Amino acid sequence: MMVALDEARQAAQRGEVPVGAALTDAVGLLLARSGNRILQLRDPTAHAEILVLREAAQRLGNERLIGTTLYVTLEPCAMCAGAISLARIARLVFAAEDPKGGAVLHGPQFFAQTTCHHRPQLEHMRDQAEPAGGLLREFFRARRS
């Protein structure tokens, strides 16, 4: 999660919403890391999670990322939850909850739907929710002032 938090800080420095992600293999080797790059890439799908999944799939030469763990600083949205399921991520670890845009604990609760074909093991790192949420609060506070 520390790598994902570092990516979120870097995203904020670029003027992006500070969300970071990191993906590890079954033994903990870092496969990919990224922060949001929606503005930089002019791509509405360039969420940290999507970028990490793309990079790891290219690196491994396989769209199925079986046995991997995805660490994300914010509860994934519906788009990212769908991609996580399609990639067959084994474990999803996230820090801050997202009552407005999240799709794991909130909103559509993607992984609880009968139409979801793969459900990762979920871990909510509540002890990291404050650092991750604090980055987001500060980012949006600065934009409102």
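How many Å² does the accessible surface of the protein chain come to, and what percentage of it belongs to carbon and sulfur atoms? That's the warm-up for this set of exercises, which works through a predicted model.

**Exercise 1. Work out the surface and overall build of the chain.**

Start with the surface: about 7,500 Å², with 54% belonging to carbon and sulfur atoms.

Next, take the inventory. The protein chain has 5 helices and 5 strands, and reading from the N terminus they come in the order α-β-β-α-α-β-α-β-β-α. Now test the compactness: the radius of gyration is 14 Å, close to the 15 Å from the globule rule for 145 residues, so the chain is as compact as a globular protein of that length.

For the dimensions, look at the C-alpha trace, which spans about 45 × 30 × 30 Å along its principal axes.

Finish with the interior and the contacts. Of the 145 residues, 48% are buried. Among contacts with a separation of 6 or more, 55% join residues 24 or more positions apart.

**Exercise 2. Decide whether strand E1 is enclosed or open, and find its partners.**

Step one is to check burial along the strand. E1 covers residues 20-24, and 5 of the 5 are buried, so the strand is largely enclosed by the rest of the structure.

Step two is to split the strand by face. In a regular strand, side chains alternate between the two faces of the sheet. Here one side carries Gly20, Ala22 and Thr24 and the other carries Ala21 and Leu23; all of these are buried, which leaves both faces of E1 covered.

Step three is to look sideways. E1 pairs antiparallel with E2 (residues 30-35) through 5 bridges, and Ala21 has Ser34 of E2 as its bridge partner. There's also an antiparallel pairing with E3 (residues 69-74), this time over 4 bridges. In that pairing, Thr24 sits opposite Thr69.

Last, check the turn. The E1–E2 hairpin has 5 residues between its strands, and Gly28 there adopts a positive phi near 95°.

**Exercise 3. Place Leu74 in the fold and list what it touches.**

First, locate it: Leu74 belongs to strand E3. With a relative accessible area of 13%, Leu74 is buried, as that value is under the 20% cut-off.

Then collect the contacts, skipping residues up to four places away in sequence. Leu74 touches Val19, Glu49, Phe94, Ala96, Glu97, Asp98 and Leu136.

Now pick out Glu97 from that list. Leu74 and Glu97 lie 23 residues apart in sequence, yet their C-alpha atoms are 6.0 Å apart in space.

**Exercise 4. Is Gln128, a loop residue, buried or exposed?**

Begin with its position: Gln128 lies in the loop that links strand E5 (121-124) to helix H5 (129-144). Its relative accessible area is 13%, so Gln128 counts as buried.

To see what surrounds it, leave out neighbours within four places in sequence. What remains for Gln128 is contact with Met1, Met2, Leu5 and Ala95.

**Exercise 5. Find the aromatic pairs and classify their geometry.**

The count is 2 aromatic pairs. Take Phe110 and Phe111: their ring centres are 5.7 Å apart and their planes stand at 85°, so this pair is edge-to-face. On burial, Phe110 is partly exposed at 24% relative accessible area, while Phe111 is buried at 7%.

Next come Phe139 and Phe140, with ring centres 5.1 Å apart and planes at 85°, which makes the pair edge-to-face. Phe139 is buried, with a relative accessible area of 7%, whereas Phe140 is partly exposed at 35%.

**Exercise 6. Explain why Cys77 and Cys116 form no disulfides.**

Recall the chemistry: a disulfide is a covalent bond between the sulfur atoms of two cysteines. The model contains 0 of them.

Try Cys77. Its nearest cysteine sulfur belongs to Cys80 and is 3.7 Å away. The cut-off for a disulfide is 2.5 Å, so that distance doesn't qualify.

Now Cys116. The closest cysteine sulfur is again in Cys80, but at 14 Å it's too far for a bond.

As a final check, compare accessibility: Cys77 is buried at 18%, and Cys116 is buried at 5%.

Note on methods. Residues numbered from 1 in each chain as written. Predicted model: local features only at pLDDT ≥ 70, side-chain atom pairs only at ≥ 80, totals over all residues. Heavy atoms only, no water. Buried < 20%, exposed > 50% of the residue type's maximum accessible area, 1.4 Å probe, protein only. Helix = DSSP H or I, 4+ residues; strand = E, 2+ residues; numbered from the N terminus. Pairing = 2+ DSSP bridges. Rg over C-alpha atoms; globule rule 2.2 N^0.38 Å. Contact = heavy atoms within 4.5 Å. Areas by Shrake-Rupley, 256 points an atom, 1.4 Å probe, with all protein chains shown as cover. Phe/Tyr/Trp six-rings, centres within 6.5 Å; stacked < 30°, edge-to-face > 60°.
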